[in-house]
Amino acid sequence: EPGVPRLRFRCGINTARVMVGNFGCDYRISYTVMGDGVNVASRLESSNKTFGTVAMVSESAFSGATSAEGSSEGERVVFRKLGRLAVPGRAEVLTVYEPLLTVHSHAAVNSSVTN
């Protein structure tokens, strides 16, 4: 609609074990999520600007989305491999992907990664 500002956001998607819950003490408590997996997702989110993307997926999330257990029956997500990303505080470099679309037919996509 004219005059209505557009909502713009970027997101980083990572799969990892994290701690979630109420943290703090008697006089100050906060519901939050903590762990290395959260840091990775945050770094992916901020790296979208560099790659010119709005969503970035880590290798662990990509593996889950492309496995038989990670997809609904007849549904596949197509990804574009973006490259490798060095995340501060981590020894290994991450392979990162951009989710492009969801395909609702097994026959429609032969591969889950495009180059």
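Is E92 buried, exposed or partly exposed? In this predicted model, E92 has a relative accessible area of 39% and is therefore partly exposed. This residue is one member of a network of salt bridges, which is described below after the overall layout of the chain.

The protein chain contains two helices and seven strands. Read from the N terminus, these elements follow the order β-β-β-α-β-α-β-β-β. Of the 115 residues in the protein chain, 25% are buried. The accessible area of the protein chain is about 8100 Å², and 52% of this area comes from carbon and sulfur atoms. Among contacts with a separation of 6 or more, 57% are between residues 24 or more positions apart.

Strand β1, residues 11-13, and strand β4 are parallel and are joined by three bridges. Within this pairing, G12 is opposite M56 of β4. Strand β4 spans residues 55-58 and is covered on both faces. On one side A55 and V57 are buried, and on the other side M56 and S58 are buried.

M56 also takes part in an interaction with N48, a residue of helix α1, which covers residues 36-51. A polar atom of the N48 side chain lies 3.5 Å from the backbone nitrogen of M56. The relative accessibility of N48 is 0%, so this residue counts as buried. Apart from neighbours within four places in sequence, the contacts of N48 are R10, C11, T53, V54, A55 and M56. Two of the residues named there, A55 and M56, are buried on opposite sides of strand β4.

Three salt bridges are present in the structure. In one of them, the side chains of R90 and D36 meet at 2.1 Å, N to O. R90 belongs to the loop between β5 (76-86) and β6 (93-103), whereas D36 belongs to helix α1, so this pair ties together parts that are 54 residues apart in sequence. R90 has a relative accessible area of 23% and is therefore partly exposed. D36 is likewise partly exposed, because its relative accessible area is 41%.

R90 forms a salt bridge with E92 as well, with an N to O distance of 2.3 Å. D36, R90 and E92 are thus linked in a network of salt bridges.

A further salt bridge is formed by the side chains of R80 and E98, at 2.8 Å from N to O. R80 is in strand β5 and E98 is in strand β6, and the pair links distant parts of the chain, 18 residues apart. Which of these two partners is buried, and which is partly exposed? R80 has a relative accessibility of 31% and so counts as partly exposed. E98 has a relative accessible area of 13% and is therefore buried.

The surface also carries a nonpolar patch made up of V18, V20, Y31 and V33. Together these residues have about 370 Å² of accessible area. One of them, V20, is located in strand β2, which covers residues 19-25.

Conventions. Residues are numbered from 1 along each chain as its sequence is written. This is a predicted model: local features need pLDDT of at least 70, side-chain atom pairs count only at pLDDT 80 or more; totals for chains, interfaces and linings use all residues. Side-chain values use heavy atoms; hydrogens and water are left out. Helices (H or I, at least four residues) and strands (E, at least two) are DSSP runs, numbered from the N terminus. Buried means under 20% relative accessible area, exposed over 50%, partly exposed in between (1.4 Å probe, protein chains only). A polar contact is a pair of N or O atoms within 3.5 Å; within protein, one must be able to donate a hydrogen and the other to accept it, and residues adjacent in sequence count only if both atoms are side-chain atoms. Contact means heavy atoms within 4.5 Å. Patches are made of residues with over 30% relative accessible area and no salt bridge: like charges are joined within 9 Å, nonpolar side chains (Val, Leu, Ile, Met, Phe, Trp, Tyr) within 5 Å. Accessible areas come from the Shrake-Rupley method with a 1.4 Å probe; for residues, only the protein chains shown count as cover. A salt bridge is a side-chain nitrogen of Lys or Arg within 4 Å of a carboxyl oxygen of Asp or Glu. Two strands pair if DSSP finds at least two bridges between them.
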